[in-house]
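Hi everyone, thanks for coming. Let me put the structure up so that we can look at it together.

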Amino acid sequence: FGQVIPMIWTCLLFGCFAANFSVFPTTISMFFGEKNVGINVGLIFSSQIFSAFLSMYALDALRTSLRWEYMCFVVASIQLLGALVSFSVKSNHMRGNDKKYQNS
């Protein structure tokens with residue numbers, strides 16, 4: 001039982017990560033239009049490389065001053081902040097003034 005739960009969590013984690021590859025292109029085209037969707041999606045996915053390195057160094061710096069439980073709270077707080085921001089932003093499509101996802 002001790003090895004089953006981490007395997008389930010790992011599968012769920014990578015399932016959510018893989019869902020980003022199907023959700024992001026549609027959402028980006030709704031927010032920014034279809035004209036440059038390829039460039040915008042490429043920039044969003046490329047930014048994950050830089051954010052991974054940045055968070056690696058930031059968490060390494062926090063590791064010396066915080067216990068691991070508090071580091072989990074820091075990461076969860078950042079995730080919650082991101083979720084709140086994403087729910088507060090409305091696209092042109094959601095406002096009702098889209099012209100087939102108008103170009104901005």
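I'll talk about a salt bridge and then a pocket.

A word on the source: this is a predicted model, where local features need pLDDT of at least 70, side-chain atom pairs count only at pLDDT 80 or more, and totals for chains, interfaces and linings use all residues. Residues are numbered from 1 along each chain as its sequence is written, and side-chain values use heavy atoms, with hydrogens and water left out.

So, how many salt bridges does the structure hold? Just one, where the term means a side-chain nitrogen of Lys or Arg within 4 Å of a carboxyl oxygen of Asp or Glu. Asp60 pairs with Arg63, and their closest N and O atoms are 2.9 Å apart. You'll find both in helix 2 (residues 37-63), three residues apart, about one turn of the helix; helices here are DSSP runs of H or I, at least four residues, numbered from the N terminus. Asp60 is partly exposed at 38% relative accessible area, while Arg63, at 52%, counts as exposed. The cut-offs are under 20% for buried, over 50% for exposed and partly exposed in between, with a 1.4 Å probe and protein chains only.

Now, the lining of the largest pocket. Which helix gives the largest share of it? That's helix 2, with eight residues, and helix 1, helix 2 and helix 3 (68-88) each supply at least two. By type, the lining has 14 nonpolar residues, five polar and no charged; Ala, Val, Leu, Ile, Met, Phe, Trp, Tyr, Cys and Pro count as nonpolar, Asp, Glu, Lys and Arg as charged, and the others, Gly among them, as polar. For the grid, a pocket is an open set of points on a 1 Å grid over the protein atoms alone, where a 1.4 Å probe fits, with protein on both sides within 12 Å along at least five of seven lines, and lining residues have an atom within 4 Å of a point.
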